Number of protein chains: 2
Amino acid sequence: MGLSSLDQLIHELTRLPGIGPRTAQRLAYYILRSKDHLVDDLCEALQQLKEQVRECPECFSYTEGEGPCMYCRDPLRSNFELCVVEMPSDIEKIESSGVFKGRYHVLHGVLSPLEGVTPKDLKIDELLSRLDGIKEVIFALDADLEGDTTVLYLSKILVQKGIKVTRIAHGVPIGGHIDYIDKRTLGRAIENRVQV
Amino acid sequence: MGLSSLDQLIHELTRLPGIGPRTAQRLAYYILRSKDHLVDDLCEALQQLKEQVRECPECFSYTEGEGPCMYCRDPLRSNFELCVVEMPSDIEKIESSGVFKGRYHVLHGVLSPLEGVTPKDLKIDELLSRLDGIKEVIFALDADLEGDTTVLYLSKILVQKGIKVTRIAHGVPIGGHIDYIDKRTLGRAIENRVQV
């Protein structure tokens, strides 16, 4: 239709992950049609997010307001166990399981020689500087090449410091059928078998 | 993670069509992670859209700036044929075919007794007031109950005024296999068969 503001919004929307040109067009027309305060509400929420959310100075997860995040502040959590994750969103997933009650550390990525991600690009120095009193570091990283590389790299350093290093078990999901599981996961599940 | 600004953005994003809670969360985390001017660019594009785009006073499609839209202004298009569509986005689709060279009229909906959409809710008075010189009205509406109802309602009025009323053909898509076509479409394709 040759509307530059419509094309511009479609262009901006396609910068988001999983939003292709067709989805962006559908969203833009919906926004155009909306008669309520959708645009104002969206923009305010976007700006608020950018203004209010910062990285926690201890674990580098996201937090709002002054000082460390709610998990770093919580006096009831163990100071002996540190769970290392790739992204802040991983913490929410782990919290939803209700099993882990220690502290977190967000690397903001994993080592990837192919994509040029080196230890300096991650919060690794920050991790190594907060190991006082930590007895166990649990890696909750994906079981792919990058995750494995990161665990290997860090575990060498951590073991030298006398810290116990573990990683979450990879195996057949609860409710998953062996028929439908890929062979790498199944292989891992057999290697990591647990005595009954 | 208990971040109110993150939850707020996720809430706003789920108001958009096709965006569920999980997609909204993924988008929100992506936006949070983005280091460039994504938020500012998005907000500016959203505000620009709302400020600049208005309805064309003739066809009720969307346009920017003063006066009628580019199709209503175009002196090379026929003033004898009027194509009636449901939404402004339909015009772009029809233009992409390159076959129609007349004028457009956007109803901004279709009649739906079930959802309480009556003729007064649509741009029907506006359609009837611009029929001077029109020889043919082509309906490009969906072939569902609401589309059929709308065509039936309007064609009665238009035929009385001596205007030729047509609607776009519904049938097997080009490249579509008869095996995969639903029975209603196939039925329509047989009814509307064309002599070779």
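The questions below ask how terms apply to this predicted model.

Me: What are the ground rules for numbering and for confidence?
Reply: Residues count from 1 along each chain as its sequence is written, chains are lettered from A and ligands numbered from 1 in the order in which they are written, and side-chain values use heavy atoms, without hydrogens and water. The model is predicted: local features need pLDDT of at least 70, side-chain atom pairs count only at pLDDT 80 or more, and totals for chains, interfaces and linings use all residues.

Me: What makes S4-S3-S5-S6 of chain A a sheet?
Reply: Strands are DSSP runs of E, at least two residues, and helices are runs of H or I, at least four, numbered from the N terminus. Two strands pair if DSSP finds at least two bridges between them. S3 (residues 81-85) of chain A has four bridges to S4(A), and the two run parallel. Four bridges meet a minimum of two, so S3 and S4 of chain A pair. One facing couple is A:Val85 and A:Val106 in S4(A). In full, four strands form an open sheet with parallel pairing.

Me: Why are S4 and S6 of chain A called edge strands?
Reply: Strand S4 (103-106) and strand S6 (164-167) of chain A each have a single partner strand, so one side of each lacks a neighbour in the sheet. Neighbouring strands of this sheet are turned by 25° against each other on average, direction ignored.

Me: How do you know which strands helix H5 of chain A lies across?
Reply: Contact means heavy atoms within 4.5 Å. H5 (residues 88-97) of chain A lies across S3, S4 and strand S5 (136-140) of chain A. H5 runs at about 150° to S4(A). Axes are lines fitted to C-alpha atoms, for helices over the stretch in contact, and angles run from 0 to 180 degrees between N-to-C directions.

Me: What makes S3 and S5 of chain B a pair?
Reply: Five bridges join strand S3 (residues 81-85) of chain B to strand S5 (residues 136-140) of chain B. The minimum is two, so they pair. B:Val84 has B:Phe139 as its bridge partner in S5(B). Helix H7 (residues 145-160) of chain B packs on the sheet, touching S5 and S6 of chain B, at about 165° to S6(B).

Me: Why is the pair A:Tyr29 and B:Tyr62 called stacked?
Reply: Rings of Phe, Tyr and Trp (its six-membered ring) pair if their centres lie within 6.5 Å; planes under 30 degrees apart count as stacked, over 60 as edge-to-face and the rest as tilted. Here the centres are 6.3 Å apart and the planes make 25°, so the pair is stacked. A:Tyr29 lies in helix H2 (residues 21-33) of chain A and B:Tyr62 in strand S2 (residues 62-64) of chain B, so the pair joins two chains. Over all chains, the rule gives six aromatic pairs.

Me: How do you know that A:Lys135 sits over the ring of A:Phe80?
Reply: The rule asks for NZ of Lys or CZ of Arg within 6 Å of the ring centre and within 35 degrees of the ring normal. The charged end of A:Lys135 is 4.4 Å from the centre, and it counts as sitting over the ring. B:Lys135 lies over the face of B:Phe80, also at 4.4 Å from the ring centre.

Me: Why does B:Arg188 count as buried?
Reply: Buried means under 20% relative accessible area, exposed over 50%, and partly exposed in between (1.4 Å probe, protein chains only). B:Arg188 has 19%, so it counts as buried. B:Arg188 is in helix H8 (residues 183-191) of chain B. Beyond its neighbours within four places in sequence, B:Arg188 contacts B:Ala143, B:Asp148 and B:His170.
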